[in-house]
Structure formats: C-alpha cells, structure tokens
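Work through these exercises with the model open. Try each task before reading its solution.

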Amino acid sequence: MKIDRRKFLSLTGGAALFGLAGKASYEAFAAGEVDKAIGEHKAKTRWAMVIDLRILKDHPEEYDNIINACNLDHNVPKIDDERHEIKWVWKEDFHHAFIEQENFFYPNEVRHMNVILMCNHCDNPPCVNVCPTQATWKREEDGIVMMDWHRCIGCRYCMAACPYGSRSFNWVDPKPLLKEMNGDFPARTKGVVEKCTFCASRISQGKQPACVEACKTGALKFGNLYDRESEIRKVLRDNYSIRRKPELGTQPEVYYLI
Ligand code: SF4
C-alpha cells in the first residue's frame, strides 16, 4: 500500500491534534479530576513506567543491568555500527533527552547524567497513525503500543513519525549476531522495524517487565495508572515528574523523577 507525502503529513499532524482535542477525558484530567477521567475509560488498566533518575544517579551499575536484561529477554543483538543499531532500552545524556526542559542553572551532575530511554507507549502515538498495514497499534485494554513484525513491510513511516527515536530498523539479519537466544521470544528478520513492547508477553504471565525485574534498586517502577492505590500512582502523587517532549501532545507514559 502506498502513502504519499501529503497523506503522511496529514496523518502525523492529525495525531498530535487528536491528543489535545479529541478526548473529552483529557479535559477532566486537565481540571485535576483524574479519577473521574479514568472512570470514563472503558479500560481498567493503563500500564506506565516511572524511572527515578535520583536513584540511577547513585547506582550507575543499574544502566547495564537494565539494558542487558531487556536485550537478553527480547533477542536484541548488540551491533557496534551505530547506523544498524537496534535499541529497545538505551541510555542517553540528560541534556539530549530533555533538551526542551533544561535551563542553564541545572546542576552539571544532572545535565550530564545518563538517563534510560525506551518507547513511551504514548497515549496518542503518531507512529500508529502512519502505519499502512496496522503492524503497530495501541491496545485498547491497557494502552501498550504493540508491534506485529509479520505485518511490518519495512516502510519506516513509524520511525519518521516517532519523535523519540524509539524504533529501530533491521538493516541486517539480526539472528547471526545474537550471542544467546531466548527461545521463548521471536527473533526478528531483516527489513522490519522493532521497539520495546513494555514486555507485553511477560505482563500477560503476571510478571514485571524484564528491565524492572533486573533493576534491584527500585529505580524502575511499572504499574497501572488507572489503579489509584497502585505504587506507581502513589509515586507520581508524591514526587515531581517530567516526561519527554510533552509539548507535542503525544502523552508519553514513561515518567521521570528528577
Ligand atoms: Fe510510538 Fe515513539 Fe510514542 Fe513509542 S515513543 S508509542 S514508538 S511515538
């Protein structure tokens, strides 16, 4: 299926506007009536991640624990050539990840610390709107932005639409590059796009995402935003949090505590 440039731009632009104006419940969210807004949703679950940068700053060993656990669980190969790199969870300088939120007076230790990045499982994901084959979609029941690699035709519109660089393209066959293989998870093929799935398969078995399980300091927390009593809601109530590029209206569901 072909999508011309004009249609592509209208889809991505429309996606941003949808998040701001399309859902009545956002008005209730904006008015601070969070639980009223949640009550209006059909779904009872909205998975989200909280990343506590205050903890990570003091535990640099956790970056590798988190990234390696994800790579191992999902058969993500390590590729040294940056042009071919596959990233589900990765680290980035705070200054680059949150450039729009920074001011000159941030402490240097924050500005140059590493942060953990991943797909934000946006509530209003522009990547979904541009996919011509519905190989990527947002699950109604819990908000996870999924991928079906068998339906992906490798057009990479989703990569162009994602403002967070959360998607990677398999320029080469990843299988020969895997040192270890997790037989419970499918390996991808050359020519398809991939990204973090919030460990949807583990969640369906009642487990935590691999990155959260591997992070022993509790810097990563995963839970249901629609459950007022969940730990993640408590953490977000009691702490100041930021999200990446909030001005785009994508409503990222990965929150950072600074
Ligand atoms: Fe899509 Fe990017 Fe948002 Fe993930 S972070 S849901 S890939 S727009």
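**Exercise 1. The ligand site**

In which cavity does the ligand sit? Describe the residues around the ligand.

Solution. This is a predicted model.
- Step 1. Locate the ligand. The second largest cavity holds it.
- Step 2. Take the volume. That second largest cavity encloses about 80 Å³.
- Step 3. List the neighbours. There are 14 residues around the ligand, and Cys-119, Cys-122, Cys-127, Cys-162 and Arg-167 come nearest.
- Step 4. Sort the shell by class. It has nine nonpolar, three polar and two charged residues.
- Step 5. Turn to the cavity itself. Its lining has 14 residues, with Cys-119, Cys-122, Cys-127, Cys-162 and Tyr-164 nearest the centre.

**Exercise 2. The largest cavity**

How many cavities of 30 Å³ or more does the structure hold? Then characterise the largest cavity.

Solution.
- Step 1. Count. Three cavities reach 30 Å³ or more.
- Step 2. Take the volume. The largest cavity measures out at about 90 Å³ by computation.
- Step 3. Read the lining. Of its 14 residues, Cys-131, Ala-135, Cys-152, Cys-155 and Cys-158 lie nearest the centre.
- Step 4. Sort by class. The lining of the largest cavity splits into nine nonpolar, three polar and two charged residues.

**Exercise 3. The largest pocket**

Which elements give two or more residues to the lining of the largest pocket? Begin with the volume.

Solution.
- Step 1. The largest pocket offers about 610 Å³ of space.
- Step 2. Its lining counts 23 residues, and Ile-67, Asn-68, Asn-71, Pro-77 and Lys-78 are the closest to its centre.
- Step 3. Helix 5 (61-73) and strand 2 (89-93) are the elements that supply two or more lining residues.
- Step 4. Helix 5 makes the largest contribution to this lining, with five residues.
- Step 5. By class, the pocket lining has 11 nonpolar, three polar and nine charged residues.

**Exercise 4. Val-50**

Is Val-50 buried or exposed? Find its partners beyond the neighbours in sequence.

Solution.
- Step 1. Place the residue. Val-50 belongs to strand 1 (residues 47-52).
- Step 2. Apply the cut-off. Buried means under 20% relative accessible area. Val-50 has 1% relative accessibility, so Val-50 counts as buried.
- Step 3. List the contacts. Outside the four places on either side in sequence, Val-50 touches Ala-219, Leu-220, Lys-221, Ile-232, Val-235, Leu-236, Tyr-255 and Leu-257.
- Step 4. Check one pair. Val-50 and Ala-219 are 169 residues apart along the chain, yet their C-alpha atoms are separated by 7.9 Å.

Note on methods
Residues numbered from 1 in each chain as written. Predicted model: local features only at pLDDT ≥ 70, side-chain atom pairs only at ≥ 80, totals over all residues. Heavy atoms only, no water. Near = heavy atom within 4 Å. 1 Å grid on protein atoms, 1.4 Å probe; cavity = no way out; pocket = protein on both sides within 12 Å on 5 of 7 lines; lining within 4 Å. Sits in = over half its atoms within 2 Å of the grid points. Nonpolar A, V, L, I, M, F, W, Y, C, P; charged D, E, K, R; others polar. Points joined across faces, edges and corners; volume = space filled by probe spheres on them. Helix = DSSP H or I, 4+ residues; strand = E, 2+ residues; numbered from the N terminus. Buried < 20%, exposed > 50% of the residue type's maximum accessible area, 1.4 Å probe, protein only. Contact = heavy atoms within 4.5 Å.
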